[in-house]
Amino acid sequence: QVQLVESGGGLVQAGGSLRLSCAASGRTFSINAMGWFRQAPGQEREFVAEISRSGGRTFFEDSVKGRFTISRDIDKNTVYLQMNSLKPEDTAVYYCAADRSPRLGGSPDYWGQGTQVTVSS
(Lines give C-alpha, C1' and ligand atoms only; values in the text may rest on other atoms or scores of the structure.)
Protein backbone atom coordinates (compact mmCIF):
# COMPACT_ATOMS: atom_id res chain seq x y z
CA GLN A 1 0.00 0.00 0.00
CA VAL A 2 0.90 3.65 -0.39
CA GLN A 3 0.18 6.45 2.07
CA LEU A 4 0.02 10.08 0.99
CA VAL A 5 0.27 12.94 3.46
CA GLU A 6 -0.34 16.53 2.38
CA SER A 7 0.87 19.70 4.06
CA GLY A 8 1.09 23.40 3.34
CA GLY A 9 -2.52 24.46 3.17
CA GLY A 10 -3.83 27.54 4.90
CA LEU A 11 -5.41 30.96 4.58
CA VAL A 12 -4.02 33.48 2.11
CA GLN A 13 -5.20 36.72 0.57
CA ALA A 14 -6.08 36.93 -3.10
CA GLY A 15 -2.95 37.37 -5.17
CA GLY A 16 -0.84 35.49 -2.66
CA SER A 17 1.00 32.19 -2.91
CA LEU A 18 1.05 28.83 -1.18
CA ARG A 19 3.06 25.68 -1.72
CA LEU A 20 1.50 22.31 -1.03
CA SER A 21 3.59 19.23 -0.39
CA CYS A 22 2.64 15.58 -0.54
CA ALA A 23 4.92 12.93 0.88
CA ALA A 24 4.43 9.32 -0.14
CA SER A 25 5.39 6.33 1.98
CA GLY A 26 4.98 2.59 1.79
CA ARG A 27 5.31 0.86 -1.58
CA THR A 28 6.50 4.00 -3.29
CA PHE A 29 8.32 2.04 -5.99
CA SER A 30 4.90 1.26 -7.45
CA ILE A 31 3.96 4.92 -7.94
CA ASN A 32 4.00 6.36 -11.43
CA ALA A 33 1.90 9.50 -11.91
CA MET A 34 1.27 11.89 -9.02
CA GLY A 35 -0.79 15.02 -8.79
CA TRP A 36 -3.53 17.06 -7.20
CA PHE A 37 -7.30 17.31 -7.22
CA ARG A 38 -9.49 19.78 -5.36
CA GLN A 39 -13.03 19.95 -4.09
CA ALA A 40 -14.85 23.15 -3.27
CA PRO A 41 -17.95 23.17 -1.04
CA GLY A 42 -20.96 21.84 -2.89
CA GLN A 43 -18.94 20.90 -5.94
CA GLU A 44 -17.49 17.73 -7.35
CA ARG A 45 -13.83 16.90 -6.99
CA GLU A 46 -11.86 18.18 -9.97
CA PHE A 47 -8.44 17.59 -11.46
CA VAL A 48 -5.84 20.32 -10.87
CA ALA A 49 -2.42 19.09 -12.01
CA GLU A 50 -0.30 15.99 -12.47
CA ILE A 51 3.30 15.07 -13.15
CA SER A 52 4.94 11.99 -14.61
CA ARG A 53 7.34 9.82 -12.68
CA SER A 54 10.37 11.42 -14.32
CA GLY A 55 8.92 14.89 -13.98
CA GLY A 56 9.24 15.39 -17.69
CA ARG A 57 5.52 15.69 -18.39
CA THR A 58 3.06 17.91 -16.58
CA PHE A 59 -0.63 18.58 -17.11
CA PHE A 60 -2.83 21.34 -15.70
CA GLU A 61 -6.48 22.20 -15.50
CA ASP A 62 -7.14 25.24 -17.69
CA SER A 63 -8.02 27.66 -14.90
CA VAL A 64 -4.67 27.17 -13.13
CA LYS A 65 -2.36 27.24 -16.14
CA GLY A 66 0.24 29.96 -15.80
CA ARG A 67 -0.44 30.29 -12.06
CA PHE A 68 0.31 26.82 -10.65
CA THR A 69 3.38 24.68 -11.15
CA ILE A 70 3.95 21.09 -10.13
CA SER A 71 7.25 19.43 -9.35
CA ARG A 72 8.49 16.18 -7.92
CA ASP A 73 11.43 14.96 -5.89
CA ILE A 74 11.81 11.26 -6.59
CA ASP A 75 14.43 10.75 -3.87
CA LYS A 76 12.09 12.22 -1.25
CA ASN A 77 8.95 10.62 -2.74
CA THR A 78 7.36 14.04 -2.61
CA VAL A 79 5.31 16.10 -5.04
CA TYR A 80 4.81 19.85 -4.73
CA LEU A 81 2.16 22.23 -5.98
CA GLN A 82 3.28 25.86 -6.12
CA MET A 83 0.22 28.08 -6.31
CA ASN A 84 0.71 31.72 -7.27
CA SER A 85 -1.72 34.54 -7.98
CA LEU A 86 -4.35 32.77 -5.94
CA LYS A 87 -7.99 33.66 -6.43
CA PRO A 88 -10.99 33.19 -4.13
CA GLU A 89 -12.28 30.56 -6.55
CA ASP A 90 -9.21 28.46 -5.77
CA THR A 91 -10.64 27.89 -2.28
CA ALA A 92 -11.07 24.15 -1.80
CA VAL A 93 -9.76 21.07 -0.09
CA TYR A 94 -6.76 19.92 -2.10
CA TYR A 95 -6.09 16.21 -2.36
CA CYS A 96 -2.87 14.55 -3.36
CA ALA A 97 -3.26 11.56 -5.65
CA ALA A 98 -0.99 8.86 -7.03
CA ASP A 99 -1.39 6.05 -9.50
CA ARG A 100 0.53 3.01 -10.69
CA SER A 101 -0.25 4.02 -14.25
CA PRO A 102 1.48 6.78 -16.26
CA ARG A 103 -1.63 8.97 -15.95
CA LEU A 104 -3.83 9.64 -12.93
CA GLY A 105 -7.13 9.26 -14.70
CA GLY A 106 -10.37 9.99 -12.93
CA SER A 107 -9.90 7.44 -10.15
CA PRO A 108 -6.30 7.34 -8.93
CA ASP A 109 -5.17 4.35 -6.92
CA TYR A 110 -4.15 6.35 -3.85
CA TRP A 111 -5.44 9.48 -2.12
CA GLY A 112 -4.26 11.73 0.65
CA GLN A 113 -6.52 13.02 3.39
CA GLY A 114 -6.72 16.53 1.94
CA THR A 115 -5.54 19.96 3.02
CA GLN A 116 -7.67 23.10 3.14
CA VAL A 117 -6.75 26.12 1.04
CA THR A 118 -8.74 29.27 1.66
CA VAL A 119 -8.23 32.41 -0.41
CA SER A 120 -9.81 35.56 0.95
CA SER A 121 -10.85 38.46 -1.28
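In the predicted model, Asn77 is placed in the loop between strand 7 and strand 8. The phi angle of Asn77 is near 50°, a positive value in a residue other than glycine, and with a relative accessibility of 28% the residue counts as partly exposed, since that value falls between the 20% below which a residue is buried and the 50% above which a residue is exposed. When residues up to four places away in sequence are not counted, Asn77 touches Cys22, Ala23, Ala24 and Thr28. Trp36 lies 41 residues from Asn77 along the chain, and the C-alpha atoms of the two residues are separated by 15 Å.

The loop that holds Asn77 belongs to a hairpin, formed by strand 7 and strand 8 with four residues between them. Strand 7 comprises residues 68–73, and its pairing with strand 8 is antiparallel and extends over six bridges. Within this pairing, Arg72 has Val79 of strand 8 as its bridge partner, while Ser71 stands opposite Tyr80 of strand 8. The two faces of strand 7 can be told apart by their cover: Phe68, Ile70 and Arg72 form the covered face, whereas Thr69, Ser71 and Asp73 form the uncovered one. Arg72, bridged to Val79, thus belongs to the covered face, and Ser71, opposite Tyr80, belongs to the uncovered face.

Strand 8 itself spans residues 78–83, and because five of its six residues are buried, the strand is largely enclosed by the rest of the structure. Besides its pairing with strand 7, strand 8 is joined by six bridges to strand 3, residues 18–26, and these two strands also run antiparallel. In the pairing with strand 3, Arg19 stands opposite Gln82 of strand 8.

Thr78, a residue of strand 8, has a relative accessible area of 8% and is therefore buried, the limit for that class being 20%. A polar atom of the Thr78 side chain lies 2.9 Å from the backbone oxygen of Lys76. Leaving aside residues up to four places away in sequence, the contacts of Thr78 are with Ser21, Cys22, Ala23, Ser71, Arg72 and Asp73. Cys22 and Ala23 appear in this set and also among the residues touched by Asn77.

The cysteine at position 22 takes part in a disulfide with Cys96, in which the sulfur atoms are 2.0 Å apart. The torsion about the S-S bond is -80°, and the link of Cys22 and Cys96 is accordingly left-handed. Distant parts of the chain are linked by this pair, as Cys22 is in strand 3 and Cys96 is in strand 9, residues 92–98, with the two positions 74 residues apart in the sense of sequence separation. Cys22 and Cys96 are both buried, and the structure holds one disulfide.

Beyond strand 8, a further positive phi angle, again near 50° and again in a residue other than glycine, is found at Ser85. Ser85 is placed in the loop between strand 8 and strand 9, and at 41% relative accessibility this residue counts as partly exposed.

At the level of the whole chain, the model contains zero helices and 11 strands, so that the order of elements read along the sequence is β-β-β-β-β-β-β-β-β-β-β. The radius of gyration of the chain is 13 Å, close to the 14 Å that the globule rule gives for 121 residues, and the chain is therefore as compact as a globular protein of that length. Taken along the principal axes, the box filled by the C-alpha atoms is roughly 40 × 25 × 25 Å. Of the 121 residues in the chain, 44% are buried. Among contacts with a separation of 6 or more, 56% are accounted for by residues 24 or more positions apart. The chain exposes about 6100 Å², and carbon and sulfur atoms supply 46% of that area.

Notes: Residues are numbered from 1 along each chain as its sequence is written. This is a predicted model: local features need pLDDT of at least 70, side-chain atom pairs count only at pLDDT 80 or more; totals for chains, interfaces and linings use all residues. Side-chain values use heavy atoms; hydrogens and water are left out. Buried means under 20% relative accessible area, exposed over 50%, partly exposed in between (1.4 Å probe, protein chains only). Two strands pair if DSSP finds at least two bridges between them. A disulfide is a pair of cysteine sulfur atoms within 2.5 Å. A polar contact is a pair of N or O atoms within 3.5 Å; within protein, one must be able to donate a hydrogen and the other to accept it, and residues adjacent in sequence count only if both atoms are side-chain atoms. Contact means heavy atoms within 4.5 Å. The radius of gyration is taken over C-alpha atoms; the globule rule is 2.2 Å times the number of residues to the power 0.38. Accessible areas come from the Shrake-Rupley method with a 1.4 Å probe; for residues, only the protein chains shown count as cover.
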